[in-house]
Amino acid sequence: MGWHGKSIQETLTELGSSPGGLSRDEAGKRLLEFGPNELKEKKKKTPLMMFLDQFRDFMILILIAAALISGFIGELSDTVAIVVIVVLNAVVGFIQEYRAEKAMAALKKMSAPAATVVRGAMPETIPAAGLVPGDVVMLEAGKIVPADMRLIETAGFRVEEAALTGESEAVEKHTAELSDEQLPLGDRKNMAYKGTVVTFGRGTGLVVGTGMNTELGRIASMLQEEEEVKTPLQKRLAGFGRKLAIAVLCICGIVLGIGIMRGEKPLMMFLTAISLAVAAIPEALPAVITISLALGAKKLISQHALIRKLPAVETLGSVTYICSDKTGTLTLNRMTVEEIWVDGEIVKGEGLKVKGEEKPSTLNPPEEGGLGDSPLQLLLTALALNNDAQTGADGAAIGDPTEIALYEFARLRGFEKKALEKACPRIGEIPFDSGRKCMTTFHRWPDGGIVSLTKGAIDVLIDKSENLFTAEGLRDIDAEAIHKANGKMAADGLRVLCMAMRTWEALPADMSAGAVESGLTVLGLTGMMDPPRDEAKEAVRLCRAAGIKPVMITGDHPITARVIAGRLGILEDDSKAIITGRELEKLSLEEFEERVEHIRVYARVAPEQKLKIVKALQDKGQFVAMTGDGVNDAPALKRADIGIAMGITGTDVSKEAAHMILLDDNFATIVKAVREGRKIYDNIRKFIKYLLTTNSGEIWTLFLAPLAGLPIPLLPIHLLWINLVTDGLPALALSAEPAEGDVMKRPPRRPKESIFSHGLGAHAVWVGLLMGGVVLAVQAWAIKTEHAHWQTMVFTVLCLTQLGHVMAIRSEKESLFKIGIFSNKYLLGAVVLTFALQMGTIYIPVMNPIFRTEPLTVSELALTLTVSSIVFVAVEIEKLIRRRKADGPKEAE
């Protein structure tokens, strides 16, 4: 219900209550009717069920089957390796899911443990869970608001609502009814909401909502309803696993059938088919992916991004939209004076000399005995003196953000508040209040007179002013000129304040605002904004180059939003690319989806509308990264493909719901994370390319040998050795491959793009066929020339061609010699170690009976090494052709 639109009496009547509160009997009845004032959770999975669910993935089921088959044929080492990989994968998945459940626990922590309630006209303290609609609750500074309330009494009452609204400044509350039914949460100034914090004053509220019927409860239910979407990698691997399993079973069946038809021993063929099946199943895939993601997550911590859910690292590479909060992420979260209007002209802030540089004489602080002769000098003096900001122990300014901006602007130009206060001590003040929209301080000037300095809203101060201070002296107020300057500064997205003064012979007896704040002389205007981060502009440029659309979301005025977005390069001159929260509210999801891909700026948006933005973009097939810091952001963060919480300003609830936490609250960090995500996905694709090609080579070798009239070239032990060593070590080392040069110059992957796209599937087939052809050619030649060691030669050629292949596929397009053999020392080490192990199976006598090998002669070894390089050369030629094709269109342009 729109409680903010009802009068106090209407609210009391509707809830059947009075200023003296409910009776204890009535409160007891309502507690039975409405239930306790607690957030309810849906039935949770037990930790055991969470753990067992990790084994339902199709790829994992295939690996479990491979482990059983390996055990059956006596290869216990393979069984143990696969079981360890599967269990580790399940543990990682369990930890991620278990931590996700903590979001609700963090939300429950925000509830107040106790409340001071008036019952039967007597105040008493009860557990907050016992509050019911109609209760009258007393609130004071430092207390957490225990339920949603319509305020019925306030005294200097301020509430910090950042957790719900995203606005960090405390809101001054009142009791008057508000007529606009569509008011956003942050503008309902006669309401106090569960989970927010009282920062100043005292108040009394009438409970209008408890438990799940509060704004916090509504978020809790949204958080429980919103399911996390599967990452692109999870979707692709599930499909990959199914296709691979079907293909492997068919090929193994064909190999078994052909072998038996050719008269091979059935048991030997069965073991060969089973070995081939085990070799073709990529049991190292989950391990390599987990290691790749973990290495990426570790690297991102050094770049100020903390990954909470490992799959998110790869998902970053698929992001097509980054929806970012303005304040603190795209901007500095620090109000700064950008322009001033003084002596009839607008001066840019950077145009004024700062302390430490040679200053014009007019920037010297007032000498003893007078006000000085410069309007600029007097304005800067007033900014420093009419100010409650102070320098803290650490040297940083502390106080209200607006006052800090004015204080710093004056201080950096030599107008130190501390020094000025010695010359012009403050002797009186009338504090700021929202009704008057201004603040006045009184100072004893060096010449013995009294000066009052007043700053506030322009429309208020112009009405109270008579003169304008200029270099030629006092002139009559020119309201039109001031309004014109204000309009120009406001059009630049600045928040404009006016500074004025008045001289007195002595401190006035009547210190009321009405008596003091009149007959003023305007000194000038200051225009402030929270400026964009320097690094954010470059990050936005990188986003655009990478085909990612940056979108800005803010609670600020549309004009300010437009200016900031324009300065950052997010918004071009397109009026349709900006929308306000009120306009968004009126659009149905279908209408919004028609426009959502063209909108770049959302202004005056409530945090809960972020969920609508995420859903609309996802419905259009986009992958969305969404930032947030408040409780209201949590459902959108959970629903987004990548939810990004703020590490500095973020609430515990938003952090628990997010996939990633920005430790520095900086937009540029998101772009760094996207780059890392793309690199990781590239490396996973390289591993899959390597794995499929090597497995394809093994399958072609065993499949084509009988058709060519050759004996089975490899024994089960050879297949399992290649599977364990050749596929294992180099594949793991591929996860350390550096990023390709064009990683941030290409568009994001299409969300539905197959893992076999960009020629990966075709590469696996033709290179695998080439491997098989080379191996069988060596076998046929060795048998024809009566080399007794033909099987050892075949075994070695297959192993070494795979090592040559892994070196060639380190880059999709660039030659190995351009990227450098030593640029991935881990892979080079893995290749050297694998080569040494392979030589060990041939030349260490104790290994010969185990692997059924025989030492090769120097000429045989030289032949195998030479032939094994054919695949490396062929893949390098493939990349050369690809480079020339890519360069062709550029030359044509």
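# Exercises on a predicted protein model

Helix 31 (residues 790-808) packs against helix 33 (residues 825-843) at an angle of about 180°, and their axes lie 11 Å apart. The structure is a predicted model, and the exercises below begin with this pair of helices.

**Exercise 1. Determine how helix 31 is oriented relative to helix 33, and describe the contact they form.**

Step 1. Two packed helices are described by the angle between their axes and by the distance between those axes.

Step 2. The angle here is about 180°. Angles over 145 degrees count as roughly antiparallel, and helix 31 is therefore roughly antiparallel to helix 33.

Step 3. On the side of helix 31, the contact is made by Thr792, Phe795, Thr796, Cys799, Leu800, Leu803, Val806 and Met807. On the side of helix 33, it is made by Leu827, Leu828, Val831, Thr834, Phe835, Gln838, Met839, Thr841 and Ile842.

Step 4. Sorted by character, the residues of this contact comprise twelve nonpolar, five polar and no charged.

**Exercise 2. State how the span of helix 31 compares with the expected value, and decide whether the helix is enclosed by the rest of the structure.**

Step 1. Helix 31 contains 19 residues. From its first C-alpha to its last it reaches 27 Å, which is close to the 27 Å expected at 1.5 Å a residue.

Step 2. A residue is buried when its relative accessible area is under 20%. In helix 31, 19 of the 19 residues are buried, so the helix is largely enclosed by the rest of the structure.

**Exercise 3. Classify His789 as buried or exposed, and identify its surroundings.**

Step 1. His789 is placed in the loop between helix 30 and helix 31.

Step 2. Its relative accessibility is 18%, so His789 counts as buried.

Step 3. Neighbours within four places in sequence are left aside; His789 is then in contact with Glu854, Pro855, Leu856 and Glu860.

Step 4. The C-alpha atoms of His789 and Thr857 are separated by 9.1 Å, although these residues are 68 residues apart along the chain.

**Exercise 4. Examine the backbone and the exposure of His758 and of Glu786.**

Step 1. His758 lies in the loop between helix 29 (729-734) and helix 30 (760-784). Glu786 is found in the loop between helix 30 and helix 31.

Step 2. His758 is not a glycine, yet it has a positive phi of about 55°. Glu786, likewise not a glycine, has a positive phi of about 60°.

Step 3. A residue counts as exposed when its relative accessibility is over 50%. His758, at 55%, is therefore exposed, and Glu786, at 72%, is exposed as well.

Step 4. Apart from neighbours within four places in sequence, His758 is in contact with Arg685, Glu753 and Arg882. The C-alpha atoms of His758 and Glu812, 54 residues apart along the chain, are 9.6 Å from each other.

**Exercise 5. Describe the environment of Asn848 and of Ile301.**

Step 1. Asn848 belongs to helix 34 (residues 848-851), whereas Ile301 belongs to helix 11 (residues 285-302).

Step 2. Asn848 has a relative accessible area of 14% and is therefore buried. Ile301 has a relative accessible area of 43% and is therefore partly exposed.

Step 3. Leaving aside neighbours within four places in sequence, Asn848 is in contact with Thr841, Ile842, Thr853, Glu854 and Pro855. Under the same condition, Ile301 is in contact with Leu306 and Leu663.

Step 4. Ile301 and Leu662 are 361 residues apart along the chain, and their C-alpha atoms are separated by 9.2 Å.

**Exercise 6. Report how many disulfides the structure has, and compare the exposure of Cys250 and Cys424.**

Step 1. A disulfide is a covalent bond between the sulfur atoms of two cysteines. A search of the whole structure finds zero disulfides.

Step 2. Cys250 has a relative accessible area of 46% and is partly exposed. Cys424 has a relative accessible area of 0% and is buried.

**Exercise 7. Summarise the protein as a whole.**

Step 1. The protein has 35 helices and 26 strands.

Step 2. Of its 893 residues, 54% are buried.

Step 3. Consider the contacts between residues at least 6 apart in sequence: 71% of them join residues at least 24 apart.

How values were computed
Residues are numbered from 1 along each chain as its sequence is written. This is a predicted model: local features need pLDDT of at least 70, side-chain atom pairs count only at pLDDT 80 or more; totals for chains, interfaces and linings use all residues. Side-chain values use heavy atoms; hydrogens and water are left out. Axes are lines fitted to C-alpha atoms, for helices over the stretch in contact, and angles run from 0 to 180 degrees between N-to-C directions. Helices (H or I, at least four residues) and strands (E, at least two) are DSSP runs, numbered from the N terminus. Angles under 35 degrees count as roughly parallel, over 145 as roughly antiparallel, 65 to 115 as roughly perpendicular and the rest as oblique. Contact means heavy atoms within 4.5 Å. Ala, Val, Leu, Ile, Met, Phe, Trp, Tyr, Cys and Pro count as nonpolar, Asp, Glu, Lys and Arg as charged, and the others, Gly among them, as polar. The expected span of a helix is 1.5 Å times one less than its number of residues. Buried means under 20% relative accessible area, exposed over 50%, partly exposed in between (1.4 Å probe, protein chains only). A disulfide is a pair of cysteine sulfur atoms within 2.5 Å.
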